[in-house]
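Student: I'm new to this one and would like a close look at just one part. Could you pick it and walk me through slowly?

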Amino acid sequence: MRCPFCRNSDSRVVDSREVDEGQAIRRRRSCAQCGRRFTTVEEAVLAVVKRSGVTELFSREKVVRGVRRACQGRPVDEDALQQLAHRVEESIRATGCAEIPSHEVGLAILGPLRDLDEVAYLRFASVYRSFSSVEDFEKEIADLRSVRTAETPTA
Ligand SMILES: [Zn+2]
């Protein structure tokens, strides 16, 4: 890593600490030539393989953007979106794979989104699973109802 001030490639680590719950390490470095300090962040990358075969870095922000669209007009705040994206990232990291197909990111979104808002879930699922008819919605709603029934203890 070159010094951003003088481009010298030699630097010394003066401090390093874990950030983002241990998912990244931030290092404070001191340039051996000009003595100025700068910070580097090191994190294990999570790559998403798109259908076209192109890989890109997993981005929580992108998850938030996709879900936010489905949540338009729904009582879902920014905080809830961030939490959902965090859950999605954790479930993806838990698979132990460094590269995951993009459709699995979609899958990882469905569960937490269903817990968050059922209407947003239906919108997201309709795009993600490319619903083509009213019957597709009916089937999904029937599934939602059966999940809800299973989760609600009978009196
Ligand atoms: Zn320097």
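Tutor: Let's look at how the helices pack. Keep in mind that this is a predicted model, in which local features need pLDDT of at least 70, side-chain atom pairs count only at pLDDT 80 or more, and totals for chains, interfaces and linings use all residues. Residues are numbered from 1 along each chain as its sequence is written, and side-chain values use heavy atoms, with hydrogens and water left out.

Start with helix α1, residues 60-70, and helix α2, residues 78-94 (helices are DSSP runs of H or I, at least four residues, numbered from the N terminus). The two pack at about 125°, and their axes are 9 Å apart (lines fitted to C-alpha atoms over the stretch in contact, with angles from 0 to 180 degrees between N-to-C directions). That angle makes α1 oblique to α2 (the label for whatever is not under 35, over 145 or 65 to 115 degrees). As for handedness, α1 passes α2 in a right-handed crossing (the near helix is turned clockwise from the far one by less than a right angle).

Who touches whom here? On the α1 side you'll find Arg60, Glu61, Val63, Val64, Val67 and Arg68, and they meet Glu78, Leu81, Gln82, Leu84, Ala85, His86, Val88 and Glu89 in α2 (contact means heavy atoms within 4.5 Å). By class, this contact of α1 with α2 has seven nonpolar, two polar and five charged residues (Ala, Val, Leu, Ile, Met, Phe, Trp, Tyr, Cys and Pro are nonpolar, Asp, Glu, Lys and Arg charged, the others, Gly among them, polar).

Now follow α2 to its contact with helix α3, residues 102-116: the angle is about 135° and the axes are 9 Å apart. That makes α2 oblique to α3, and α2 passes α3 in a right-handed crossing. From α2, Ala80, Leu84, Arg87, Val88, Ser91 and Ile92 reach Val105, Ala108, Ile109, Pro112, Leu113, Asp115 and Leu116 in α3. Sorted by class, that gives ten nonpolar, one polar and two charged residues.

One more pair to go. Helix α4 (residues 118-128) and helix α5 (residues 134-151) cross at roughly 140°, and their axes come within 11 Å. They are therefore oblique to each other, and their crossing is right-handed. In α4, the residues involved are Glu118, Tyr121, Leu122 and Ser126, which meet Phe137, Glu140, Ile141, Leu144 and Arg148 in α5. The contact of α4 with α5 splits into five nonpolar, one polar and three charged residues.
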